[in-house]
Amino acid sequence: MTQVEKELAQAPRSQVERLAFIEARLYFLGELQRQDVAERFAVASAQASRDLSLYKQLAPKNLDYDYRERTYQPSTQFKRIFQLSTENVLWWLKSGVGDGLPNPPGLPMESVSSLCTPDVDMLAQVTRAIYRHKTLEIKYLSLSSGYKTRRIAPHALVDSGKRWHVRAFDRENNRFSDFVINRIQYAQALDEDIVEHELAAADTQWTEMVNLSLIPHPKIIHQAAIEADYQMKGRRIEVTCRAAIAGYMLRRWGVDCSTDKSLNPEEYHLALENIDSLVNVESAELAPGFRRIKGQS
């Protein structure tokens, strides 16, 4: 553990959050004032000053002070001490890294919104059941059987990129399945604990990890463009995910999973190189172009 990591481990969590904000604001917006910290976290200016002093102590080469603008700016030697993923950074910017408001002033941002957002009250029923390890009686609307009352033992939420599901043991069918939250018309928590064979540990499709090797679609002429899009190394992307969500991921990413790579390359820029990785994956039925060979499970 480095000295910086030791210092951060000893600092109060609330202060670590403010230090992370200081770094993100500096690095991604290019400027910071003491008042930005005070207003964002509703703390006194004196506390914001102490936070800035600690950050300068932890990363003395990261900040330059512009006396004319009266702002701190990232130095040419800036080196992050907080390791945030690009996905988290973009979410942070979208949600309001600068002022607690979406899209910091001076940084316009738009994204494609979801058409299928769960009802917040129904979502609460589901999340409480997962967190407290309780079962739910639900009235569920499915494509195959319409309305039906089911008893489920939920253990996780799944974002398919299109809809939110709850992963649960279905007592009627004696198996783990995904239920679209928006299709749950009614839910009631039962005073019943989840039994061992209904726990996440017993969900083999959830616990089994699958390795997917993604390559540019072989029918695309200028494959270097696809390699650049996805920052490929060695002309491929290696992804590890749960078997239960592999099909969702491949569909969301538009990956041609046909054995002969017959899908339209103008629509499917990626192809799955190791098709055999989906042999025991139930969700593979959702993968574009995937067809099970007779005799496969």
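1. Let's start with contacts in this predicted model. Take the contacts between residues at least 6 apart in sequence: 55% of them join residues at least 24 apart. When you scroll along the sequence, keep in mind that over half of these contacts link residues with that kind of separation.

2. Next, the overall dimensions. The chain has a radius of gyration of 24 Å, while a compact globule of 297 residues would come out near 19 Å. If you lay the C-alpha trace along its principal axes, the chain spans about 70 × 60 × 40 Å.

3. What is the chain built from? You can pick out 9 helices and 11 strands.

4. Now for inside and outside. Of the 297 residues in the chain, 40% are buried. The chain exposes about 17900 Å², and 50% of that area is supplied by carbon and sulfur atoms.

5. How many positive and negative charges does the chain carry, and how far apart are their mean positions? There are 38 positive and 39 negative charges, and their mean positions lie 1 Å apart.

6. Finally, zoom in on one hairpin. Strand β1 covers residues 63-66 and strand β2 covers residues 71-74; the two run antiparallel and are joined by 4 bridges. To see one pairing for yourself, find L63 and look across to P74, its bridge partner in β2. Between the two strands sit 4 residues, and R70 in this hairpin takes a positive phi near 60°. While you have the strands on screen, a general point: in a regular strand, side chains alternate between the two faces of the sheet.

How values were computed
Residues numbered from 1 in each chain as written. Predicted model: local features only at pLDDT ≥ 70, side-chain atom pairs only at ≥ 80, totals over all residues. Heavy atoms only, no water. Rg over C-alpha atoms; globule rule 2.2 N^0.38 Å. Buried < 20%, exposed > 50% of the residue type's maximum accessible area, 1.4 Å probe, protein only. Contact = heavy atoms within 4.5 Å. Areas by Shrake-Rupley, 256 points an atom, 1.4 Å probe, with all protein chains shown as cover. Lys, Arg positive; Asp, Glu negative; His and termini not counted. Charge placed at Lys NZ, Arg CZ, Asp CG, Glu CD. Pairing = 2+ DSSP bridges.
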